[in-house]
Amino acid sequence: MNIETPKIIKRICHYDKRGYLQEIYLKKKEKKIFKFSLITSSKKNVFRGFHFQLRKQQAKLVYIVKGKILDIVIDLRKKSKRFGKVYKFRLKEKDILHIPKGFAHGYLSLTSENIVLYYMTNYRDVKSEEGIVWNDKMLNIKFPTKKIIVSKKDKKLKTLKNFIEKYKSL
């Protein structure tokens with residue numbers, strides 16, 4: 001059984017008077033092939049998530065290009081001893097988070113401008129997209145603000161209880 005959990009990845013950052021150069025993805029270290037990437041820009045207090053795909057699940061590298069975020073993932077893996085566990089990470093510019101397959105992912109923007117770059121092991125499959133609503137009481141997540149901005153689509157996501165009743169796990 002895969003016991004991999006989300007973790008922050010350390011990469012060397014080379015600085016000089018011009019700025020910096022940082023490696024993000026090193027195949028020899030990740031041992032995963034990332035097929036798809038995207039970038040998001042979010043204002044302060046925007047929450048994106050909790051998203052996942054039922055089929056064609058994705059492992060992810062999340063790289064913070066600019067800003068600070070509260071990144072949150074939920075273990076939804078079949079037979080996981082940590083099923084339903086919530087992992088929280090405060091990430092800042094140049095931080096990299098690895099998220100294995102089988103996790104719902106979301107983040108809250110903590111600064112006025114946040115740019116987040118994702119690398120994923122599978123392509124986006126719109127028909128397979130699902131999510132857990134951000135304010136699900138069962139998750140008991142304490143957010144640092146009450147002024148959270150959520151998309152119309154994300155407001156309609158189901159609870160963890162609904163997910164368990166319908167799918168059991170990923």
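Over how many bridges do strand β2 and strand β3 pair? In this predicted model, strand β2, which spans residues 13-16, and strand β3, which spans residues 19-22, pair in the antiparallel sense over 4 bridges. The connection from β2 to β3 is a hairpin that runs through 2 residues, and within the pair His14 has Leu21 of β3 as its bridge partner.

A further set of strands forms an open sheet, in which 5 strands follow the order β1-β9-β6-β11-β4 with antiparallel pairing. The edges of this sheet are taken by β1 (7-9) and β4 (36-43), and because each of these has a single partner strand, one side of each is left without a neighbour in the sheet. On average, neighbouring strands of the sheet are turned by 25 degrees against each other, when direction is ignored. Strands of a sheet pair through backbone hydrogen bonds, and the pairing may be either parallel or antiparallel. Within the present sheet, strand β6 (residues 60-66) and strand β11 (residues 113-120) are joined in the antiparallel sense over 6 bridges, and Val62 is placed opposite Tyr118 in β11.

The strands β6 and β11 are also linked through their side chains, since Lys66 of β6 and Glu113 of β11 form a pair that ties together parts 47 residues apart in sequence. The contact between Lys66 and Glu113 is a salt bridge, in which the closest N and O atoms are 2.8 Å apart. Lys66 is partly exposed, its relative accessible area being 37%, and Glu113 is likewise partly exposed, with a relative accessible area of 34%.

In the model as a whole, the count of salt bridges comes to 7. One of these joins the side chains of Arg77 and Asp75, with a distance of 2.8 Å from N to O. Both partners of this contact fall under the 20% limit that defines burial: Arg77 counts as buried because its relative accessibility is 7%, and Asp75 counts as buried because its relative accessibility is 0%. Another salt bridge brings together the side chains of Lys153 and Glu129, at 3.2 Å from N to O. Lys153 belongs to helix α2 and Glu129 to strand β12, so that this pair ties together parts that are 24 residues apart in sequence. Glu129 is partly exposed, at 22% relative accessibility. Through salt bridges that share partners, Arg124, Glu129 and Lys153 are joined into one network.

The residues Arg124, Glu129 and Lys153 appear again in the description of the largest pocket, where they are listed together with Leu38 and His51 as the residues nearest its centre, out of a lining of 23 residues. The space in this pocket is about 600 Å³. At least two residues of its lining are supplied by each of β4, β5, β11, β12 (129-131) and α2 (152-155), and the greatest contribution is that of β5, which gives 6 residues. When the lining of the largest pocket is divided by class, 8 residues are nonpolar, 7 are polar and 8 are charged.

Rolling a probe the size of a water molecule over the atoms shows where empty space is left. With respect to enclosed space, the count comes to 1 cavity of 30 Å³ or more, and the largest cavity holds about 50 Å³ of space. Its lining is made up of His51, Phe52, Gln53, Gln57, Gln58, Lys60, Gly102, Phe103 and Leu170. Strand β5 (residues 46-53) provides the largest share of this lining, namely 3 residues. By class, the lining of the largest cavity contains 3 nonpolar, 5 polar and 1 charged residues. His51 therefore takes part in two linings, as it is named both in that of the largest cavity and in that of the largest pocket.

A final point concerns the loop between β12 and β13 (149-150), in which Lys137 is located. Lys137 counts as exposed because its relative accessibility is 77%, a value over the 50% limit that exposure requires. Lys137 and Leu160 are separated by 23 residues in sequence, and the distance between them in space, from C-alpha to C-alpha, is 9.1 Å.

Conventions
Residues are numbered from 1 along each chain as its sequence is written. This is a predicted model: local features need pLDDT of at least 70, side-chain atom pairs count only at pLDDT 80 or more; totals for chains, interfaces and linings use all residues. Side-chain values use heavy atoms; hydrogens and water are left out. On a 1 Å grid over the protein atoms alone, a cavity is a set of points where a 1.4 Å probe fits but cannot get out, and a pocket is an open set with protein on both sides within 12 Å along at least five of seven lines; lining residues have an atom within 4 Å of a point. Grid points are joined across faces, edges and corners, and a volume is the space filled by probe spheres set on the points. Ala, Val, Leu, Ile, Met, Phe, Trp, Tyr, Cys and Pro count as nonpolar, Asp, Glu, Lys and Arg as charged, and the others, Gly among them, as polar. Two strands pair if DSSP finds at least two bridges between them. Axes are lines fitted to C-alpha atoms, for helices over the stretch in contact, and angles run from 0 to 180 degrees between N-to-C directions. Buried means under 20% relative accessible area, exposed over 50%, partly exposed in between (1.4 Å probe, protein chains only). A salt bridge is a side-chain nitrogen of Lys or Arg within 4 Å of a carboxyl oxygen of Asp or Glu.
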